[in-house]
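Student: Got a minute to go through this model with me? I'd like to start with helix ends and then look at some packing.
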Amino acid sequence: MSAVARSPRSEEVRKVDLDDARTEYTEMIGSVEWEHGKIGPTQVTGFEGTNFSGRPLAIITVGLPGRGKSYISRRLARFLSWLGLTSCIFQVPHTGTGDYFDHTNKEHSSQRDRMVSNTLAEMIQWMRTKQGKVGILDGQNVAASRRHQLKSALRSVLDDDRIVFLEVGERDIAKLEKYKEMTLNSSEEYREMAPKDACVEFDRRQKYYMSAYEPVSREECFIKMMDGGAELEINKIRGYVPCRVVNFLLNVNLSMKPIFLSRHGQSEFNLMGRIGGDSGLTGFGEQYAQELSRWIKESAPAGLEVWCSTLLRTRMTATPLLESHQVVYWRSLEEIDAGIYDGLTYEEIQEQAEEEFLKRKKNKYWYRYPQGESYHDLVCRLEPVIMEMERSKKPLLIISHQAVLRVIYSYLIDSRPEKCTNQSMPLHTVIKVNPTYGGRFEEERFPILETDPTVANVGTHGAEDVAVEQQQHADPNAAPSK
């Protein structure tokens with residue numbers, strides 16, 4: 001899972017001259033890391049391992065407050081971590097009010113420099129000791145001198161092409177007001193103030209940063225993202241991972257749309273406990289399709305898009321929605337391929353190939369069905385779906401299968417792919433995931449039909465998953481078992 005690391009607030013800040021503080025800042029980082037040299041390639045175990053050289057990447061955000069830098073950083077870290085590139089956001093603490101952010105105040109500038117140096121030291125240590133792949137230093141960094149200091153310090157451990165500045169800007173007045181409101185509502189420091197005082201403090205801080213703002217120069221490796229991604233400029237970007245970052249930013253948008261997830265209605269194979277196949281719905285499953293359509297018309301927001309797998313049971317589930325919505329069919333949303341065991345029950349697999357049965361039980365995520373797929377393969381297969389999901393600005397309903405929705409759900413809640421096999425995906429239930437500006441998410445589950453888990457929830461992954469559903473049916477607050 002991507003994480004947000006915050007540098008601890010210093011209980012005592014020494015009063016030093018600004019030039020001394022900046023010299024100390026550079027020397028401090030250099031003295032810690034020079035003895036070890038640059039951080040080289042490390043072993044990668046994620047599915048990107050065959051393409052990624054292993055050298056860490058540092059991304060440094062640049063821009064005025066309330067432009068969406070932190071939100072974009074969280075979205076980017078989530079995507080990279082989901083690809084198997086362990087990412088972490090190191091957020092520079094924003095403490096102080098009044099003239100604390102005045103760049104002409106030497107005492108306060110030296111204090112802010114120390115905050116940044118401590119946070120950068122944490123990021124370098126994380127790359128060194130935790131084999132972190134992408135560290136994102138999330139701060140304003142509007143002054144060229146500050147960016148020069150950061151790059152000088154990072155050069156002791158990274159090559160120049162692994163130090164990328166991400167500059168974020170916005171020119172639309174209405175959007176700026178919206179971002180300002182969201183910042184005031186989501187930031188802990190502003191929430192502790194009276195609304196009027198928080199607004200005054202935000203505007204004062206904005207003024208100080210604008211007076212010191214210097215755009216990133218062409219001497220640096222940078223990505224400039226303007227107006228929520230309407231314009232993207234890149235300079236000196238090379239290498240596999242930096243280009244993946246660019247590709248993501250080309251597709252991402254700052255809209256916070258809800259995403260609805262639903263499995264197909266009960267299928268004939270569900271009823272028989274068989275995996276895979278392309279069976280149709282039972283009468284109970286057809287009833288769910290009608291009830292789902294009714295619920296969507298009554299409860300879903302306007303402009304909802306519907307995506308569906310191409311298998312019969314999902315197409316039958318989506319059919320009633322064709323009267324009111326356009327349905328897009330994706331082969332990538334098809335259920336995990338069970339290979340030579342497609343159409344069997346897990347009891348039959350255990351009888352015919354006990355060794356394979358035990359392999360899957362031991363490591364469900366990495367286990368690959370003979371001539372079929374693993375959950376890991378499914379993560380790779382779903383990347384185009386995830387990218388298109390990031391591009392879309394409309395609310396979205398995805399009608400798919402248990403394993404597929406486990407993977408997508410894990411991405412939405414920023415959970416490591418390896419943990420997706422434990423996610424509960426009951427039949428005849430709509431799961432709504434709503435992102436927030438603060439990087440968190442809100443989740444609601446709507447049981448559309450009362451479902452007997454001993455029958456209707458026999459899914460594609462055997463009796464152990466039935467036990468999970470039974471447990472959660474009896475106790476909705478119970479954590480999924482392994």
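Tutor: Sure, and one term up front: a polar contact here is a pair of N or O atoms within 3.5 Å, where within protein one must be able to donate a hydrogen and the other to accept it. Also keep in mind that this is a predicted model.

Student: OK, so what caps the N-terminal end of α5?
Tutor: Asp-172 does that job. One of its side-chain oxygens sits 2.9 Å from the backbone nitrogen of Ala-174.

Student: And how far apart are the end C-alpha atoms of α5?
Tutor: They are 20 Å apart. Helix α5 covers residues 173-186, and its 14 residues at 1.5 Å each should span 20 Å, so the two agree.

Student: Which residues of α5 are buried?
Tutor: Leu-176, Tyr-179, Lys-180, Met-182, Thr-183 and Leu-184.

Student: What do those pack against?
Tutor: Two helices: α6 (188-191) and α7 (195-212).

Student: Switching topic. Lys-69, buried or exposed?
Tutor: Buried, because its relative accessibility is 6% and the cut-off for buried is under 20%. Lys-69 belongs to helix α2.

Student: What is Lys-69 in contact with?
Tutor: Setting aside neighbours within four places in sequence, the list is Thr-61, Val-62, Gly-63, Leu-64, Asp-138, Gly-139, Gln-140 and Val-168. Take Asp-138: Lys-69 is 69 residues from it in sequence, yet their C-alpha atoms are 7.4 Å apart in space.

Student: Back to α2 as a whole. How is it arranged relative to α16?
Tutor: The two are oblique to each other. Helix α2 (residues 69-82) packs with α16 (residues 402-412) at about 140°, and the axes are 9 Å apart.

Student: Which residues make that contact?
Tutor: From α2 you have Arg-78, Phe-79 and Trp-82, and from α16 Val-407, Tyr-411 and Leu-412. By class that gives 5 nonpolar, no polar and 1 charged.

Student: What about α8 and α15, at what angle do they cross?
Tutor: Roughly 45°, with the axes of α8 (residues 240-251) and α15 (residues 383-391) coming within 7 Å. That makes this pair oblique. On the α8 side the contact uses Arg-244, Asn-247, Phe-248 and Asn-251, and on the α15 side Glu-383, Met-387, Glu-390 and Arg-391.

Student: How do those split by class?
Tutor: The contact of α8 with α15 has 2 nonpolar, 2 polar and 4 charged residues.

Student: Last one: where is His-108?
Tutor: In helix α3 (residues 106-129). His-108 is buried, at 15% relative accessible area, and it touches Asp-99 and Tyr-100, leaving out residues up to four places away in sequence.

Note on methods. Residues numbered from 1 in each chain as written. Predicted model: local features only at pLDDT ≥ 70, side-chain atom pairs only at ≥ 80, totals over all residues. Heavy atoms only, no water. Helix = DSSP H or I, 4+ residues; strand = E, 2+ residues; numbered from the N terminus. Expected span 1.5 Å × (residues − 1). Buried < 20%, exposed > 50% of the residue type's maximum accessible area, 1.4 Å probe, protein only. Contact = heavy atoms within 4.5 Å. Axes fitted to C-alpha atoms, helices over the stretch in contact; angles between N-to-C directions. Parallel < 35°, antiparallel > 145°, perpendicular 65-115°, else oblique. Nonpolar A, V, L, I, M, F, W, Y, C, P; charged D, E, K, R; others polar.
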